[in-house]
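Please open the model in the viewer and keep the sequence panel visible. The tour below proceeds by selection, one stop after another.

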Amino acid sequence: MLIASIADQIVRGVDAVTDTLSAPFSDPVIRLGVTGLSRAGKTVFITSLVANLMDRGRMPQLVAARDGAIRTAYLQPQPDDTLPRFNYETYLGQLTAPEPAWPEGTRQISELRLSLKVQPR
Ligand SMILES: Nc1nc2c(ncn2[C@@H]2O[C@H](COP(=O)(O)OP(=O)(O)O)[C@@H](O)[C@H]2O)c(=O)[nH]1
Ligand SMILES: [Mg+2]
């Protein structure tokens with residue numbers, strides 16, 4: 001539900017900017033925080049969400065994915081060098097290894113930038 005509404009906001013944000021001359025220069029940015037108690041499942045959730053947004057074969061409930069509005073999704077350098085990067089590749093590697101393992105506990109806030117190319121409606 002939440003993810004669907006975020007994706008919808010992105011699509012609407014793109015619709016809004018394409019109405020203005022500044023369109024090519026101002027991609028809408030949504031900063032999304034995931035918080036929760038230690039061991040609540042944040043690292044596993046974020047890894048899974050990012051993996052599924054990049055490979056949308058199993059996201060039929062996400063309207064923007066089902067309709068083909070999300071054209072591509074890819075990782076980009078993060079906006080803020082002062083924060084550690086969320087170690088997506090390592091966590092995904094552990095979860096999808098022939099002998100899967102849960103990621104180690106994380107101690108610090110971290111950040112990842114995912115860009116979506118969406119088709120304006
Ligand atoms: N069965 C199951 N266990 C999970 C799942 N996500 C997290 N866990 C368990 O919860 C633990 C903590 O998850 P983690 O994502 O590291 O929590 P974080 O501290 O909030 O980042 C993992 O080591 C797993 O034991 C899940 O989707 N399914
Ligand atoms: Mg963690």
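Begin by selecting P79. In this predicted model, P79 has a relative accessibility of 46%, so it counts as partly exposed, falling between the limits of 20% and 50%. The residue sits in the loop that runs between β1 (70-76) and α4. Now add E111 to the selection and draw a distance between the two C-alpha atoms: P79 and E111 are 32 residues apart along the chain, and their C-alpha atoms are separated by 8.7 Å.

**The whole chain**

Before going further, switch to a cartoon view. The protein chain contains four helices and two strands. Followed along the sequence, these elements come in the pattern α-α-α-β-α-β. If the chain is coloured by accessibility, buried residues account for 26% of its 121 residues.

**E111 and its surroundings**

Return to E111, which lies in the loop between α4 and β2. Is E111 buried or exposed? With a relative accessible area of 10%, E111 is under the 20% limit and therefore counts as buried.

Next, select G33, in the loop between α1 and α2. G33 is exposed, at 64% relative accessibility. In sequence G33 and E111 are 78 residues apart, while in space their C-alpha atoms lie 9.0 Å from each other.

Stay with E111 and show the side chain of R31. Which kind of interaction does R31 form with E111? The two form a salt bridge, in which the closest N and O atoms are 3.2 Å apart. R31 belongs to the loop between α1 (2-18) and α2 (42-54), and E111 to the loop between α4 (88-95) and β2 (113-118), so this pair ties together parts of the chain that are 80 residues apart in sequence. The two partners may also be viewed by accessibility: R31 is exposed at 65%, whereas E111 is buried at 10%. The side chains of E111 and R31 are likewise joined by a polar contact of 3.2 Å.

**The other salt bridges**

Side chains of opposite charge can pair when their charged atoms come close. How many salt bridges are there to display? The count comes to three, and the pair of R31 and E111 is one of them.

Select E89 together with R85. Their side chains meet in a salt bridge with an N to O distance of 2.9 Å. E89 is partly exposed, at 42% relative accessibility. R85 is also partly exposed, with a relative accessible area of 37%.

Then move to D67 and R66. This pair forms a salt bridge whose closest N and O atoms are 4.0 Å apart. Both D67 and R66 are exposed.

**Ligand 1**

Now centre the view on ligand 1 and show the residues around it. The surrounding residues are L37, S38, R39, A40, G41, K42, T43, V44 and W102. Coloured by class, this shell comprises four nonpolar, three polar and two charged residues.

Three distances from oxygen atoms of the ligand to the backbone may be drawn here:

- R39: a backbone N or O atom of this residue lies 2.7 Å from an oxygen atom of ligand 1.
- G41: a polar backbone atom is 2.9 Å from an oxygen atom of ligand 1.
- V44: a polar backbone atom is 2.8 Å from an oxygen atom of ligand 1.

With a surface displayed, consider the cover that the protein provides: taken on its own, ligand 1 has 580 Å² of accessible area, and the protein covers 67% of this.

**The magnesium ion**

The last stop begins at T43, one of the residues around ligand 1. Select ligand 2, the magnesium ion. Which residues coordinate the magnesium ion? The OG1 atoms of T43 and T106 do so, at 2.0 Å. T43 is in helix α2 and T106 in the loop between α4 and β2; the pair is 63 residues apart and links distant parts of the chain.

A final colouring by accessibility separates these two residues. T43 is buried, with a relative accessible area of 13%. T106, at 40% relative accessibility, counts as partly exposed. To close, select T106 and E111 together: T106 and E111 both lie in the loop between α4 and β2.

Technical notes
Residues numbered from 1 in each chain as written. Chains lettered and ligands numbered in written order. Predicted model: local features only at pLDDT ≥ 70, side-chain atom pairs only at ≥ 80, totals over all residues. Heavy atoms only, no water. Buried < 20%, exposed > 50% of the residue type's maximum accessible area, 1.4 Å probe, protein only. Near = heavy atom within 4 Å. Polar contact = N/O pair within 3.5 Å; in protein donor to acceptor, adjacent residues only side chain to side chain. Areas by Shrake-Rupley, 256 points an atom, 1.4 Å probe, with all protein chains shown as cover. Nonpolar A, V, L, I, M, F, W, Y, C, P; charged D, E, K, R; others polar. Donors = N, O, S within 2.8 Å, 3.2 Å for Na, K, Ca; no water.
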